[in-house]
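Work through the exercises below with the model open beside you. Try each task before reading its solution.

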Amino acid sequence: MYETEREDLIKVLRGKGIIDENVLKAFLKVERHLFVPEIIKPHAYSDVALPIGHEQTISQPYTVAFMTQALELNGRSKILEIGTGSGFQAAVLVEMGMKVYSIERNFEIHKNTQKLFDKLGIRAALIYGDGTIGWEEAAPYDRIIVTAGGPEVPNRLLSQLAVGGKMVIPVGDRNCQAMQIITKVSGKEYSKKEVPNFKFVPLIGKQGWKSE
Ligand code: SAM
(Lines give C-alpha, C1' and ligand atoms only; values in the text may rest on other atoms or scores of the structure.)
Protein backbone atom coordinates (compact mmCIF):
# COMPACT_ATOMS: atom_id res chain seq x y z
CA MET A 1 0.00 0.00 0.00
CA TYR A 2 1.00 3.62 -0.61
CA GLU A 3 4.04 2.66 -2.78
CA THR A 4 3.58 5.65 -5.11
CA GLU A 5 3.25 8.03 -2.16
CA ARG A 6 6.49 6.63 -0.69
CA GLU A 7 8.31 7.08 -4.00
CA ASP A 8 7.01 10.66 -4.24
CA LEU A 9 8.24 11.32 -0.70
CA ILE A 10 11.73 10.10 -1.69
CA LYS A 11 11.73 12.68 -4.51
CA VAL A 12 10.79 15.40 -2.02
CA LEU A 13 13.59 14.31 0.34
CA ARG A 14 16.15 14.28 -2.52
CA GLY A 15 14.98 17.76 -3.51
CA LYS A 16 15.64 18.97 0.05
CA GLY A 17 19.21 17.64 0.07
CA ILE A 18 19.01 14.08 1.39
CA ILE A 19 21.69 12.22 -0.57
CA ASP A 20 22.50 9.20 1.63
CA GLU A 21 21.15 6.34 -0.50
CA ASN A 22 20.89 4.01 2.51
CA VAL A 23 18.63 6.53 4.27
CA LEU A 24 16.47 6.91 1.16
CA LYS A 25 16.27 3.12 0.72
CA ALA A 26 15.05 2.75 4.30
CA PHE A 27 12.37 5.41 3.70
CA LEU A 28 11.18 3.40 0.72
CA LYS A 29 10.87 0.29 2.92
CA VAL A 30 9.46 1.58 6.23
CA GLU A 31 5.72 2.18 5.89
CA ARG A 32 5.05 5.45 7.71
CA HIS A 33 1.27 4.94 7.52
CA LEU A 34 1.64 2.05 9.99
CA PHE A 35 3.06 4.47 12.62
CA VAL A 36 0.22 7.04 12.64
CA PRO A 37 -3.38 6.89 13.92
CA GLU A 38 -5.96 5.43 11.49
CA ILE A 39 -7.65 8.76 10.77
CA ILE A 40 -4.48 10.45 9.47
CA LYS A 41 -3.10 7.55 7.40
CA PRO A 42 -3.96 9.35 4.09
CA HIS A 43 -1.53 12.13 5.14
CA ALA A 44 1.26 9.78 6.23
CA TYR A 45 3.46 10.52 3.20
CA SER A 46 3.16 14.31 3.30
CA ASP A 47 6.41 15.88 4.48
CA VAL A 48 4.93 17.15 7.74
CA ALA A 49 4.93 16.21 11.44
CA LEU A 50 1.64 14.59 12.47
CA PRO A 51 -0.10 14.14 15.84
CA ILE A 52 0.15 10.71 17.49
CA GLY A 53 -1.87 11.54 20.63
CA HIS A 54 -0.75 12.55 24.15
CA GLU A 55 0.24 15.97 22.66
CA GLN A 56 3.13 14.28 20.84
CA THR A 57 4.07 14.01 17.18
CA ILE A 58 5.71 11.76 14.63
CA SER A 59 8.51 13.99 13.30
CA GLN A 60 8.48 15.42 9.78
CA PRO A 61 10.02 12.89 7.33
CA TYR A 62 12.64 15.45 6.22
CA THR A 63 13.72 15.93 9.85
CA VAL A 64 14.01 12.16 10.41
CA ALA A 65 15.99 11.81 7.16
CA PHE A 66 18.22 14.81 7.99
CA MET A 67 19.05 13.49 11.46
CA THR A 68 19.66 9.95 10.18
CA GLN A 69 21.95 11.27 7.44
CA ALA A 70 23.78 13.43 10.01
CA LEU A 71 24.60 10.30 12.03
CA GLU A 72 26.89 9.22 9.13
CA LEU A 73 26.15 5.54 9.58
CA ASN A 74 28.36 2.87 8.08
CA GLY A 75 28.34 -0.72 9.24
CA ARG A 76 26.27 -1.94 12.17
CA SER A 77 26.30 0.69 14.94
CA LYS A 78 24.81 0.63 18.42
CA ILE A 79 22.40 3.56 18.65
CA LEU A 80 20.56 5.16 21.55
CA GLU A 81 17.43 7.11 20.65
CA ILE A 82 15.76 9.46 23.13
CA GLY A 83 12.03 9.87 22.39
CA THR A 84 10.68 6.64 20.84
CA GLY A 85 7.31 8.26 20.05
CA SER A 86 5.60 6.44 17.16
CA GLY A 87 8.70 4.29 16.61
CA PHE A 88 9.19 5.47 13.02
CA GLN A 89 12.73 6.82 13.53
CA ALA A 90 13.74 3.63 15.37
CA ALA A 91 12.21 1.51 12.59
CA VAL A 92 14.24 3.42 9.96
CA LEU A 93 17.44 2.75 11.95
CA VAL A 94 16.58 -0.96 12.37
CA GLU A 95 15.84 -1.18 8.62
CA MET A 96 19.36 0.23 8.04
CA GLY A 97 20.79 -2.66 10.08
CA MET A 98 21.47 -0.80 13.34
CA LYS A 99 21.23 -2.17 16.87
CA VAL A 100 18.73 0.22 18.46
CA TYR A 101 17.93 1.14 22.07
CA SER A 102 15.14 3.69 22.38
CA ILE A 103 13.78 5.43 25.50
CA GLU A 104 10.30 6.97 25.90
CA ARG A 105 9.08 8.85 28.99
CA ASN A 106 5.34 8.52 28.27
CA PHE A 107 4.21 5.06 29.42
CA GLU A 108 1.16 4.83 27.12
CA ILE A 109 3.25 5.76 24.06
CA HIS A 110 5.98 3.31 25.12
CA LYS A 111 3.44 0.49 25.53
CA ASN A 112 1.67 1.19 22.21
CA THR A 113 4.92 1.33 20.26
CA GLN A 114 6.15 -1.89 21.90
CA LYS A 115 2.90 -3.55 20.77
CA LEU A 116 3.36 -2.22 17.24
CA PHE A 117 6.97 -3.43 17.08
CA ASP A 118 5.88 -6.89 18.29
CA LYS A 119 3.18 -6.98 15.62
CA LEU A 120 5.52 -5.83 12.82
CA GLY A 121 8.44 -7.96 14.03
CA ILE A 122 10.76 -4.94 14.48
CA ARG A 123 13.64 -5.86 16.78
CA ALA A 124 14.72 -2.97 19.01
CA ALA A 125 15.11 -2.55 22.78
CA LEU A 126 12.34 -0.15 23.84
CA ILE A 127 12.81 1.27 27.33
CA TYR A 128 10.39 3.27 29.48
CA GLY A 129 12.08 6.11 31.37
CA ASP A 130 13.77 9.50 31.32
CA GLY A 131 16.10 9.56 28.33
CA THR A 132 17.96 12.66 29.51
CA ILE A 133 19.92 10.37 31.82
CA GLY A 134 20.49 7.85 29.04
CA TRP A 135 20.69 4.08 29.51
CA GLU A 136 23.95 3.33 31.27
CA GLU A 137 23.42 -0.45 31.12
CA ALA A 138 24.13 -0.68 27.39
CA ALA A 139 26.64 2.23 27.06
CA PRO A 140 28.80 3.24 25.27
CA TYR A 141 26.82 3.99 22.11
CA ASP A 142 28.30 4.64 18.66
CA ARG A 143 25.53 7.13 17.97
CA ILE A 144 22.92 8.99 20.05
CA ILE A 145 19.89 10.66 18.50
CA VAL A 146 17.58 12.88 20.54
CA THR A 147 14.17 13.46 18.95
CA ALA A 148 12.79 16.08 21.37
CA GLY A 149 14.13 19.62 21.92
CA GLY A 150 16.04 20.39 25.12
CA PRO A 151 17.58 23.49 26.74
CA GLU A 152 21.09 21.96 26.78
CA VAL A 153 23.04 18.84 25.86
CA PRO A 154 22.60 16.37 28.76
CA ASN A 155 26.08 15.53 30.06
CA ARG A 156 25.02 11.97 30.96
CA LEU A 157 24.40 11.43 27.24
CA LEU A 158 27.81 12.84 26.32
CA SER A 159 29.46 10.47 28.78
CA GLN A 160 27.58 7.47 27.29
CA LEU A 161 28.79 8.30 23.77
CA ALA A 162 31.75 6.22 22.52
CA VAL A 163 34.95 8.01 21.51
CA GLY A 164 34.64 8.63 17.77
CA GLY A 165 30.84 8.53 18.14
CA LYS A 166 28.29 11.12 17.04
CA MET A 167 25.27 12.64 18.72
CA VAL A 168 22.49 14.60 16.99
CA ILE A 169 20.32 16.71 19.28
CA PRO A 170 18.05 19.77 18.89
CA VAL A 171 18.91 22.43 21.48
CA GLY A 172 17.27 25.81 22.05
CA ASP A 173 14.17 27.29 23.65
CA ARG A 174 10.72 25.69 23.62
CA ASN A 175 9.79 27.25 20.26
CA CYS A 176 12.89 26.88 18.15
CA GLN A 177 16.02 24.75 18.27
CA ALA A 178 19.30 24.38 16.38
CA MET A 179 20.36 20.88 15.47
CA GLN A 180 23.69 20.17 17.12
CA ILE A 181 25.81 17.49 15.45
CA ILE A 182 28.46 16.55 17.97
CA THR A 183 31.47 14.27 17.49
CA LYS A 184 33.29 12.90 20.54
CA VAL A 185 36.91 13.34 19.49
CA SER A 186 38.45 12.00 22.73
CA GLY A 187 37.37 11.38 26.33
CA LYS A 188 37.05 15.14 26.92
CA GLU A 189 37.14 16.73 23.49
CA TYR A 190 34.15 17.36 21.22
CA SER A 191 33.65 19.02 17.85
CA LYS A 192 30.29 20.53 16.96
CA LYS A 193 28.30 21.72 13.94
CA GLU A 194 24.96 23.54 14.22
CA VAL A 195 22.06 23.79 11.79
CA PRO A 196 19.34 26.31 12.81
CA ASN A 197 15.53 26.35 12.64
CA PHE A 198 14.03 23.12 13.86
CA LYS A 199 10.94 22.77 16.03
CA PHE A 200 10.47 19.75 18.28
CA VAL A 201 8.20 18.88 21.18
CA PRO A 202 10.01 19.48 24.50
CA LEU A 203 12.56 17.09 25.98
CA ILE A 204 11.23 16.72 29.52
CA GLY A 205 13.34 15.27 32.31
CA LYS A 206 16.19 15.65 34.78
CA GLN A 207 18.45 17.26 32.20
CA GLY A 208 15.66 18.67 30.04
CA TRP A 209 12.67 20.97 30.59
CA LYS A 210 10.45 20.62 33.66
CA SER A 211 6.99 19.20 32.87
CA GLU A 212 4.25 21.87 33.03
N1 SAM B 1 11.25 9.63 17.27
C2 SAM B 1 9.82 9.79 17.25
C3 SAM B 1 9.16 9.19 16.08
O4 SAM B 1 9.85 8.62 15.20
O5 SAM B 1 7.94 9.23 16.05
C6 SAM B 1 9.39 11.24 17.38
C7 SAM B 1 9.38 11.63 18.75
S8 SAM B 1 8.36 12.91 19.32
C9 SAM B 1 8.80 14.26 18.31
C10 SAM B 1 9.25 13.16 20.85
C11 SAM B 1 9.03 12.07 21.89
O12 SAM B 1 9.98 12.31 22.93
C13 SAM B 1 7.66 12.09 22.53
O14 SAM B 1 7.05 10.84 22.40
C15 SAM B 1 7.95 12.44 24.00
O16 SAM B 1 7.06 11.82 24.90
C17 SAM B 1 9.37 11.94 24.15
N18 SAM B 1 10.18 12.51 25.23
C19 SAM B 1 10.21 13.78 25.70
N20 SAM B 1 11.09 13.88 26.71
C21 SAM B 1 11.65 12.64 26.89
C22 SAM B 1 12.62 12.09 27.77
N23 SAM B 1 13.23 12.82 28.70
N24 SAM B 1 12.92 10.78 27.66
C25 SAM B 1 12.32 10.00 26.72
N26 SAM B 1 11.38 10.46 25.88
C27 SAM B 1 11.06 11.77 25.94
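**Exercise 1: A helix and its cover**

Task: find what covers the buried residues of α2, then place those residues on the helix.

Solution. Start with the cover. It includes α1 (3-15), α3 (61-70) and α4 (88-95). Contact here means heavy atoms within 4.5 Å. Helices (H or I, at least four residues) and strands (E, at least two) are DSSP runs, numbered from the N terminus.

A word on the source: this is a predicted model, where local features need pLDDT of at least 70 and side-chain atom pairs count only at pLDDT 80 or more, while totals for chains, interfaces and linings use all residues. Residues are numbered from 1 along each chain as its sequence is written, and side-chain values use heavy atoms, with hydrogens and water left out.

Next, list the buried residues. In α2 (residues 21-29) they are V23, L24, A26 and F27. Buried means under 20% relative accessible area, exposed over 50%, partly exposed in between (1.4 Å probe, protein chains only).

Now look down the axis of α2. The buried residues fall within an arc of 160 degrees, so they line one face of the helix. The arc is taken from the directions from the helix axis to the C-beta atoms. K25 and K29, on the other side of α2, are exposed.

Finish at the N-terminal end. D20 caps α2 there, with a side-chain oxygen 2.9 Å from the backbone nitrogen of N22. A polar contact is a pair of N or O atoms within 3.5 Å; within protein, one must be able to donate a hydrogen and the other to accept it, and residues adjacent in sequence count only if both atoms are side-chain atoms.

**Exercise 2: One residue of that helix**

Task: state which residues V23 is in contact with, leaving aside neighbours within four places in sequence.

Solution. V23 lies in helix α2. Its relative accessible area is 0%. The contacts are I18, A65, T68, Q69 and M96. For a distance check, take F66: it is 43 residues from V23 in sequence, and the two are 9.1 Å apart, C-alpha to C-alpha.

**Exercise 3: The sheet**

Task: give the strand order of the open sheet.

Solution. The seven strands run β5-β4-β3-β6-β7-β8-β9, with mixed pairing. Two strands pair if DSSP finds at least two bridges between them. The edge strands, β5 (125-128) and β9 (190-198), each pair on one side only.

Take a parallel pair. β3 (residues 78-82) and β4 (residues 99-104) share five bridges. I82 has I103 of β4 as its bridge partner.

Then go to β8 (residues 177-184). Eight of its eight residues are buried, so the strand is largely enclosed by the rest of the structure. Q177, M179, I181 and T183 point one way, whereas A178, Q180, I182 and K184 point the other way.

Check both neighbours of β8. β7 (residues 161-172) runs antiparallel to β8, with seven bridges. Four residues separate β7 and β8 in their hairpin. β9 is also antiparallel to β8, again over seven bridges. Five residues make the hairpin link from β8 to β9.

**Exercise 4: A buried glutamine**

Task: is Q207 buried or exposed?

Solution. Locate Q207 in the segment after β9. Q207 is buried, at a relative accessible area of 14%. A polar atom of the Q207 side chain lies 2.8 Å from the backbone nitrogen of N155. Not counting residues up to four places away in sequence, Q207 touches T132, E152, P154, N155 and R156.
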